[in-house]
Every structure is written in C-alpha cells, then in structure tokens.
Amino acid sequence: MFRRIIAFILLSACLASISSAQKSIEGIITDASNGDVLIGVLVMIPKTDLQTSSDLNGYFKLEAPEESTHILVSYPGYINQKVKVITGERLNIKLVEDLFRTEIVSTGYGSLKQAEVASAISKIEPDQFNQGNINNTFEAIQGRVAGLSIYNRGGDLHRDPIIRLRGISTIGANAQPLIVIDGIVGASIHNLDPNDIAAINILKDGSAAAIYGSRGSSGVILITTKIGSKNSKVTTTYDAYVASSTVARKVNVMDRDDYLAAGGPDLGGETNWQDEVLRTGISTTHNLSIAGGSSKTAYRFSMNYRGIEGILKKSDYDQFNARGRIQHQALKDKLRIDFNMALTNRESNFSFEEVFQYAPIFHPSAPIRFNNGAFFQPILFDNYNPVAILDLNKNDGNRRILNFNIQTAYDFNDNFKGVINYSQQYIDNKQDEYYSSSSFFRGFYRGGLARRYVDTDNFTLLEAYAQYKKQHENLDLQIDAGYSYQEEDFQSIFLELGDFPSDDPGYDILETSADLLNGASSGLGIQSFTSPKEKIIAFFGRVNLNFNEVFTVGASLRREGSSKLGEDNRWGNFAALNLQMDLKHYLGMRKWDALKFRIGYGVTGSLPTESGLAQDLYAYSFTNGGTVSFVRAGNPDLKWEEKSELDIGFDFALKGYKLKGSIDYYSRKVDDFLREKRVETTVYGTDSRYENGGSLRTRGFELSLQYEQFADKLLRWTPSLIISSYKTVLQEFDEEISFRGFVGPGCGCFGVNRIAESEELGQIWGTVFSGVDADGQPIFKDLNGDGLVITDAGSALQDRGDFQQLGQAIPALELGFNNTFTYKNWDFNAFFRGAFGHSLVNTFRINYEPISPGSIASYNRVVTDLAPEGLEVARFSSLYVEKADFIKLDNITLGYSFDFNGSTAFERIRTFISVQNAFVITNYTGLDPDPVLQDISESQNGFVNQYFANDPLTMGIDRRNTPYSARTYTFGINVEF
C-alpha cells in the first residue's frame, strides 16, 4: 500500500511538471500594405487569459503553454488573424486593413467609411489602372469598373471615347458622366494627367448621384488628385516611358495581281495604300513630381510632357501639363485651405480620318504620283488618293485649359464645420484646316479651301456647405447642407474661305481669299455663336444615420434651377433615399467575414447641351444682300429630363477576406427626353422646335469579385472579375416606328436601327440573304409570304414586311478579368476584356465586297471568307451583319523593383515592359469588334453631316473611317528619390 502511495505521488509530480512547461512566442507585427509597425496590437492565446500587446517597435513576446499551437491577433481597423505558432521561430505577422470598415469613400460634398455606404459606389486607385501607353483617365480605367462601358474604337488620339454608365441615360441631352476633380464640378478631364490621380470614385446609382441633381443622370465620376503628406521629407518622383505602336489589323483587300485578275484596270503602278499611309508611332512621356510637407502644410507639384504619335501619318500631339496643390492648416488647425491649379497646352496634328476610308479601296494598280511629280488623282465618286490627302492638306489645332480651385474649411467645434469652394475654368480651342488647290479632296474645286474654328468656354463655380457630425454611444449622425452656383458662357466662330492666290500661306493669311475680297457670298462661310449666361443655382442637403456600424440610413434632396429651361419649368427637385444592413450581424453568419445589404432609390435630371432652346433662334445669311431666317421656335415650357433609379446590392467577403465582391441589380427609368422635333410651320412659324417626350427603361446587373491566393507566401496571385449586363427598352416615343443609320451609297440601306415603342434599343434590322441568282443579284427571303420581296430599306414602313431583326448592337454581357502576380521584386499583370452578344454592320464589306465590272473599275475590293460566289450587286442584308463577340488580352505588363535599402540617393526604382492590345479572339472580319454604342457618321465627298453624327439611337455600324487599332509596346521606368 505504501509503495502505491509513493508511486502515485511521483506520477502526479511528473504530470504537474509537464503541464507547467512553457514556451516563448515572439514576433513583429506590421501593416501589410506599407510595412509600418503597428503599436498596441492585442495578441492572445485562445481559450486562456494569456495576452499581451505589441510595443513601439511592433514587437511582442508572450509566455504560453507548451501545447499552444495558435495565437489570435486583433487590432482596430484590421482583420483579425489566427496565426500558427512555429516553435523556435520569430513570427512576422502582417495585418490587412479591414477596408469594409475603414476605407474612406468619396460621396460628393463629403465622404463616408465603406461600412456606412448605402449606395452603389465603386472606388479604383492607381495600382488598379491599366498600364503602358496610357494617355488619359478613361484609358486608365477601361474595363476595370462593372457597369462602366468605355469604348474608343481604334484608339483615336483626337476623339473622346464613348462612355456609358449602366447603359444609355438620354437620347437628347448629355450622355457622358459628370466629372468632378478635387471639388470642381464639371472640370475638364483633358486637364488631368493620369499620373496625378490618387483615387477615382464612381457614383453609379441614382441615390448616390442625386446630390448633383440635373448633371447626375449619366453618373458621376469623382477624382481626387495626389498630395504630399504632412511632416514628411521632400520626395521627388520621375516617371518616363517610350512606346512603339504598330497596326494590329488591316482591311484585307486585293493586291495588284488579284485586282487585275478580277477585271480591274492596269493604271501603271503597284501600291499598297494602307502601308503608304501607316507608320510605326513612337511616343514618349515624362512626368516629374515633387511632394512633401511640414507640420502645417502639405504640397505636391508635377509637370507632365506627352509626345504621342499615332499609326496614321501626320496624326500626333505634343502636350504639356502642370499641376500644383497645397494644403495648409492654421488657427490651431481649425482652418484648412486647399488650393490647386492645373494648366494644359496641347498642340495637335489631327491628320484626316477619311484616309482610313480610302486607303483600302484606292486602285492597287495605280501609282502614287505621275512621272512629273503630280499626284495621281482620278475623278471618282467618293474615292481619293489617300497619300495626296495627307501630303497636300493640313489639319491641326491647339487646346489650352486652365482651372483653379480654392477650398477653405473651418472647424467651429468637434462636430460642426463649414466649407467654401470657389473654382474657375477657361478652355480655348482652335482648329485650322487647309485644302490645297491641287487636292481633289475638298480643295480643287474651290481654288484652295481654308477653314478655321475657334471657341472659348469659361466656367465659374461657387459652393458653400456645412457639415455636422455627432457620435453617440451607438449612433453616428452626419448632416450636410449647402448652396451651389454655377455660371458658364460659350463663344465660337467658324470661317470657311476659298479661292486663294497661293497654297503656301495656307490658313495663315485668310484675308487673301478671293471669296472675301470679291464678296463672293456663295463661297464665303461665317458662323458665330454666343451663348447666354448659363446659370445653375441649387440648394442641397443630406443626412446619414449609422447605427453601431450595422445599419445605415441616408437621404438627400437637391432643389435646382437652370436658365436653360422654360420660364415656368426652371426649378426641379432631386431626392434620394438609401439604407444598408450588416446581415452578418443580424443573421449570425459566422462563415461570412462580411455581408452587407444595400438598397437605394434616387431621382436625377438632365439638361440640354445647348442654351437658348426656350427662345426663338434666327440665322443670318449673306445671300441677296443679307437675309434673316427663322430657324427654330422657342419652347417656353421646356423642362428637365428626369431619371429615377432603384438599386439593390450586396457587398460580401469570405475566407478571411481573401474573397471579396459585390453584386447589384438596378432598374432605371428616363422620362421627358429633350429632342428636336419637326413641328407644324403654320403653328410655330418654322418646322423645328425642342420638346419633351418619351421614356425608356434600363434593367441590368453587375458583379465584381476579387480573390487573393498565396497571400502569406512569396508568391501572391490576385485575380479579379467584373461582369455587367443590361437591356434598354423604349417604353414611350412620340414617333411611329422609324429606322435610323445610313450605311453607305448605292447599297439600298437608309436605316438599319429599328426604333419602336416597347422594344429594345440597339436592334439591327434588314432583309435575310438566301443566295445569288444567275445575274449576280442577291436573293432575299420572302418573310411575310406575299410573293414580293422588298429590298429597299428606305421604303415606307408598311412595305417592310420582309425585314426582321438581324442583330443587337448592345452587348448582352461585358467582362473584365484581371490577374496580378507578385513574386519577391517581380510583378506581372494580365488584363483581359470581352463583350458578348453584340453584332456589327461591316460597311467595308457592304460597299466593296461584291465584284461587278462597274465597281471593280473604280474601287478595290474587300476579301473575306464570307463573300458569296458570283455576287455582283451590293444590297444591305443579314450577309453583312456579323457577330462580334470577342475576348482581348488588353494589357500585359512585367515589372521589376530594385531594392535600395540604406541608399541615400534612391528610394525606389521600378522598370516595366508592357504590351497593349496583345491579341484578340473573335470571328468578326472587320478591324475592331468593340461595340459601337453611338454613331460617328462619315463623309460622302465632303464633310461629315452633323445631323447624322453622334446620334445615340444609331448603333452597331462599323464605319469606314474608323481608325485602325494599334498594338503598342512600352518600356518604362519609375524612380523615386
């Protein structure tokens, strides 16, 4: 018995010694984004009372039981981590910021934490931008934001892209989103270099954009520029790159031998006209910035130079941009002053986009010049020597933009502040054209032709608002209220003069024109325009209530008046209401790191682009000694377009915040379009008047996903995916069924887009091709079975029984798929962009694919595998409407960052190589499968008819003058001192 007691005592002592065995756990805790040490981080042993916190160096040490395998790490504003303990090793713990809680999102006239946002707002920062030869803001974010469609087909250097946020928002007002840069409402995006951007917030739904009232219907893009940090040393950054652009795809046409074999005339030469007008464009960019700050002041100054060449000869520009921003605090830090100024000067050679139209079809058997040096220029309908167009004529211009903004904010106490914002912007544009007297393209029949266009646009903004914030135990209250005054005036003048004594001065000596000297009114063209002062006055308010960061309610109201509208309809009310709920909190969903529900409803408006539509318009003509004509009747009852929108969305995170995303469904309705209509002359004295009428509805969804893989290892892969889809139905329209979109001469087509009530926009209609008859004529299906086939698309509506829908111009689905890899000092990015379900009308094929003796004598022919054998006559039909689904490797970049630890000369150097438009997978036979969401029209033996250009209801027509797409290779370097 005694022995058993002794054995028990020894065993108990042994077990006690084992259970009391301890081990030390130590490590360093830093911020994963910037490497800064984190002080006061709580470190705990699960299921025990053992804990400690990190010191001033981010270091911690904790004695824990030997059997401990994990620690819990927690810090406000960061994601909690469970970290595995490795015996004998010091832990290196990197905490990731909980952006769902702490990220600040700009909302217009203020900001909110991400956890408080109840509207559909997307935020994008420079590390998410497209890289390479990126020369404007829209190129930087193309394909990166769900619901934001940006298309600049061919990458035209001189034309703004077509931008649609959640589809078409108007058919008669401004369809482009409102741009706000550092508080300047309506600031020019052309005065901003992408290198100066700190963040972009896109207000996508009506509840977010309603605070901007009449200018928010097409969405709002809020841009914040970079600024230095207070109490920081001076940092100098230099960015530079050189880029080489080559044509990615040409129009496939006959060479000389094939052309002669097909019956084309031998004109004594052999020329590849596309090669003659194209080149390798070499572009360079230099950006220098200086930033820093003291205890009271932060600043940043930058200069940017861009020398950009297009792949079309004589298409280029030189641009200099400078920007400065200073923030200063005074009066015991209660007063904050933020001043910024930007200046841009751009000298452009526009070249001639018509060269893209004529280079594929000019005779491949013709010489460029005759033996005497004169250009080969036969007299043909709508066909000109493209080299002669470039060499004999000039088309250049200049744009200068200056804007400044001063914002002062004063904190009256911890809860209440006032803000005053004053801005001005000045834009001057000039474009000069000269067509030589020896140029058959526009100049020959006028003895030389000069055109000059000049405009100025001045803009003033004054806003004052107050903000009240109060934090209670479980409630955060924020109230904003303010006043806005905007004033803008626009002036322009256009001159067209001909019959010059010499081509040498060009447009520089307009006074030598015989049209002017001899009073030849038939050749003299003068147009001038001065807008009345365009004024917008608004009063606005917004309230946000946040209950313990799990439930948020927001409401806003803007009361706004505009001088552009009729006397009795100048004022409108634009209201919004939204809420968000933290479903994870309410439903106890432990597997979800975050799950937030949002719903919002808002009303916004649209103004006409022109002023004076409520007043009568008269025009003066030089004919018959000077006459005045009544052009357009004013409409004193003209009012706002109005858009109402409902948005329902979810924001979520899973797997330790590695998987994050959002999904939105929206429904928007636009009422009372602003449109120019044909009216009764007997009633109004003229046949033109702007009126309100009609409505459309758009429904769509958006999905955004991002996942971080291998986040704790040397290799990190971060894929992201955005998907968006929408449909727009014209619910009410004050016209009968109509067809729009002229696609070319002699092809029997004067309307390819069907516009009708209760039907989708973007429909492409026409006859259905079924074969070729013995005479080379196309055969079409008799769809209505009446024994007659109507092939003329310009025929009366009742005769279109043999027409049906052939395609849809608006994609059914758009996506962007980004992949970012980092490994040690290397970074690699591959970005894919695609669109599916849309079609394009291939106008090159319509006009130049069929081969007949008459056509082959005047034009080269387009060659595709889709051409029916024996077809000689061009008629628009399903034969020329092609599916244009595509997936592009839009951007691929490889970069390397050099380490300079301890260096006094450099902070960082990164080099990179990039390829844009690396490849495209598509069955479309044209140049570019990107959707055409708005028609650009084209010239026919002259200048573009502006009546047909920029029509938002005409879509899906791939015009012959669309610039060729380029493939660009870029090498760049980023240096930080």
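Strand β51 spans residues 908-922, and I913 is placed within this strand. The structure described here is a predicted model. Across the whole structure, a search finds 37 aromatic pairs, and the structure also holds 57 salt bridges. The points below take up surface patches, ring pairs, charged pairs and some individual residues.

**Surface patches**

- I913 has a relative accessible area of 47%, a value between the limits of 20% for buried and 50% for exposed, so this residue counts as partly exposed.
- I913 belongs to a nonpolar surface patch of about 980 Å². The other residues that make this patch are V242, I282, F710, L714, L715, F821, Y823, W826, L894 and F971.
- A negative surface patch is formed by three aspartates, D255, D257 and D258, together with the glutamate E270.
- E270 sits in the loop that runs between helix α5 (256-261) and helix α6 (273-277).
- The relative accessibility of E270 is 63%, and because exposed means over 50%, E270 is classed as exposed.

**Aromatic rings**

- A pair of aromatic rings is described by the distance of the centres and the angle of the planes.
- Among the 37 aromatic pairs of the structure is that of W273 and F362, whose ring centres are 5.0 Å apart. The planes of these two rings stand at 90 degrees, and the pair is therefore edge-to-face.
- This pair links distant parts of the chain, as W273 is in helix α6 and F362 is in the loop between α7 (354-358) and α8 (386-392), 89 residues apart.
- W273 has a relative accessible area of 2% and is buried.
- F362, with a relative accessibility of 1%, is buried.
- A cluster linked by ring pairs contains F352, Y358, Y384, Y435 and F441.

**Salt bridges**

- Side chains of opposite charge can pair when their charged atoms come close.
- E433 and R451 form one of the salt bridges, with their closest N and O atoms 3.4 Å apart. Distant parts of the chain are linked by this pair: E433 belongs to strand β23 (residues 416-435) and R451 to strand β24 (residues 449-471), 18 residues apart. Both E433 and R451 are buried.
- D651 and R598 meet through their side chains in a salt bridge, at 3.0 Å from N to O. This contact also links distant parts of the chain, with D651 in strand β33 (residues 641-654) and R598 in strand β30 (residues 592-606), 53 residues apart.
- The relative accessible area of D651 is 8%, under the 20% limit, so D651 is buried. R598 is likewise buried, at 3% relative accessibility.
- D827 and R910 are joined by a salt bridge of 2.8 Å, N to O. The pair links distant parts of the chain, since D827 lies in strand β47 (residues 826-836) and R910 lies in strand β51, 83 residues apart. D827 and R910 are both buried.
- Salt bridges with shared partners join a set of residues into one network. The positively charged members are R166, K204, K596, R598, K643 and R668. The negatively charged members are E645, D647, D651, D664 and E702.

**Backbone angles**

- Most residues other than glycine have a negative phi, and most peptide bonds are trans.
- K314 is not a glycine, yet its phi is positive, near 65 degrees. K314 is found in the loop between strand β19 (297-309) and strand β20 (316-330). With a relative accessible area of 36%, K314 is partly exposed.
- D382, also a residue other than glycine, has a positive phi of about 55 degrees. The loop between α7 and α8 holds D382. At 1% relative accessibility, D382 counts as buried.

**A proline in a loop**

- P963 is located in the loop between strand β52 (957-958) and strand β53 (966-976).
- The relative accessibility of P963 is 6%, and P963 is therefore buried.
- P963 and V683 are separated by 280 residues in sequence. In space, the C-alpha atoms of P963 and V683 are 45 Å apart.

Note on methods: Residues numbered from 1 in each chain as written. Predicted model: local features only at pLDDT ≥ 70, side-chain atom pairs only at ≥ 80, totals over all residues. Heavy atoms only, no water. Patch = residues over 30% accessible without salt bridge, like charges linked within 9 Å, V, L, I, M, F, W, Y side chains within 5 Å. Areas by Shrake-Rupley, 256 points an atom, 1.4 Å probe, with all protein chains shown as cover. Salt bridge = Lys/Arg side-chain N within 4 Å of Asp/Glu carboxyl O. Charge placed at Lys NZ, Arg CZ, Asp CG, Glu CD. Helix = DSSP H or I, 4+ residues; strand = E, 2+ residues; numbered from the N terminus. Buried < 20%, exposed > 50% of the residue type's maximum accessible area, 1.4 Å probe, protein only. Phe/Tyr/Trp six-rings, centres within 6.5 Å; stacked < 30°, edge-to-face > 60°.
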